[in-house]
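Here are my notes for your review. Please read them with the structure open beside you.

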Amino acid sequence: MKVVAFNGSARKNGNTAILVNRVFQKLEKEGIETELVQLSGEKIRGCIACYKCFENKDQRCSVTNDVLNSCVEKMVEADGVILASPTYFANISTELKALIDRSGMTSIANGGMFKRKVGAAVVAVRRAGSIHAFNSINHFFFIGQMIVPGSTYWNMGFGLDKGDVEKDEEGLRTMEILGENIGWLLKKIHG
Ligand SMILES: Cc1cc2nc3c(=O)[nH]c(=O)nc-3n(C[C@H](O)[C@H](O)[C@H](O)COP(=O)(O)O)c2cc1C
């Protein structure tokens, strides 16, 4: 079994990545394979509303000059998908929004490519707006017929500078329990 995570932060290996890695620690303990894809520095543009994905129905976005289709392939192959973002102006990053819009539309055009995969949101934040970012990500999972496990708090960790989330004990615990719950759910689905 495999879980792939996409980190939408403009900053590689920052707080969002640290939170995802906490989730991963628990998954790996259960023998579940993990992969972190960091969108920082990658070219990924928004949806151009061409609707060619509805004509082609080939499980691909028709815009092929950036990393989107390689992300879609990884999502199709995985049993679980984590979408992770820092909070930017009380919402998700532009890069993660581009991934959501284009992979989401491609999925709808192809009858629901991520149906019944496990989905989880992870959000880093300095102070406020993370619940909105968390909700934005969850809209993708629910309209895609995905199964969403919870944790003991909404999946967010607090910190400004790189590494600050290491000091947010509750945030880290929330990620660990999320990891345990994703692992439990995957084993129920695929066991
Ligand atoms: C463009 C931008 C907008 C931000 N907007 C918010 C915000 O609305 N609320 C907040 O609490 N923090 C905000 N932050 C702070 C980040 O969410 C915070 O530093 C987070 O830990 C960064 O995660 P990262 O290390 O993975 O990039 C913003 C940071 C940037 C660069």
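The numbered points below cover the ligand site, charge pairs, cysteines, surface and backbone.

1. **Model status.** This is a predicted model. Please treat each distance and area below as a value computed from that predicted model.

2. **Ligand surroundings.** The ligand has 17 residues around it. The closest are S9, T16, R127, A128 and G159.

3. **Backbone contacts to the ligand.** R127 places a backbone N or O atom 2.5 Å from a ligand oxygen. For A128, a polar backbone atom sits 2.7 Å from a nitrogen atom of the ligand. N15 also takes part: one of its polar backbone atoms is 2.8 Å from a ligand oxygen. The ligand taken alone exposes 650 Å², and the protein buries 77% of that.

4. **Salt bridges overall.** How many salt bridges does the structure hold? The count is 11. Side chains of opposite charge can pair when their charged atoms come close. Three pairs and one network follow.

5. **E30 and K187.** These two side chains form a salt bridge, with N to O at 3.0 Å. The pair links distant parts of the chain, 157 residues apart. E30 is in the loop between helix 1 (15–29) and strand 2 (33–38). K187 belongs to helix 6, residues 169–190. Both ends are partly exposed: E30 has a relative accessible area of 44%, and K187 has 35%.

6. **D66 and R102.** Here the N to O distance of the salt bridge is 2.7 Å. D66 lies in the loop between helix 2 and helix 3 (68–77), and R102 lies in helix 4 (residues 94–109), so the salt bridge ties together parts 36 residues apart in sequence. Are the partners buried or exposed? Both D66 and R102 are buried.

7. **D101 and K97.** This salt bridge stays within helix 4. Its closest N and O atoms are 2.7 Å apart. The two residues are separated by about one helical turn, because they are 4 residues apart in that helix. D101 is partly exposed at 28% relative accessibility. K97 is partly exposed too, at 40%.

8. **A charged network.** Salt bridges also link K2, E33, E35 and K74 in a network.

9. **Cysteines.** The disulfide count is 0. Take C47: its nearest cysteine sulfur belongs to C50 and is 6.6 Å away. The cut-off for a disulfide is 2.5 Å between sulfurs, so C47 is in no disulfide. C47 is partly exposed, with 40% relative accessible area. Why does C71 lack a bond to C61? The sulfur of C61 is the closest cysteine sulfur to that of C71, but it is 11 Å away, which is too far for a bond. C71 is buried, at 2% relative accessibility.

10. **Nonpolar surface patch.** Which residues form the nonpolar patch on the surface? They are Y51, F54, I108 and I143. Together they have about 410 Å² of accessible area. F54 sits in helix 2, residues 52–56. It counts as partly exposed, at 32% relative accessibility.

11. **A buried serine.** S85 is in strand 3, residues 80–86. Its relative accessibility is 0%, so it counts as buried. A polar atom of the S85 side chain lies 3.0 Å from the backbone nitrogen of S93.

12. **Positive phi values.** Two residues other than glycine belong here: A90, with phi near 60°, and R116, with phi near 65°. A90 is in the loop between strand 3 and helix 4, and is partly exposed at 31% relative accessible area. R116 is in the loop between helix 4 and strand 4 (118–125). With a relative accessible area of 56%, R116 is exposed.

How values were computed
Residues numbered from 1 in each chain as written. Predicted model: local features only at pLDDT ≥ 70, side-chain atom pairs only at ≥ 80, totals over all residues. Heavy atoms only, no water. Buried < 20%, exposed > 50% of the residue type's maximum accessible area, 1.4 Å probe, protein only. Patch = residues over 30% accessible without salt bridge, like charges linked within 9 Å, V, L, I, M, F, W, Y side chains within 5 Å. Areas by Shrake-Rupley, 256 points an atom, 1.4 Å probe, with all protein chains shown as cover. Salt bridge = Lys/Arg side-chain N within 4 Å of Asp/Glu carboxyl O. Near = heavy atom within 4 Å. Polar contact = N/O pair within 3.5 Å; in protein donor to acceptor, adjacent residues only side chain to side chain.
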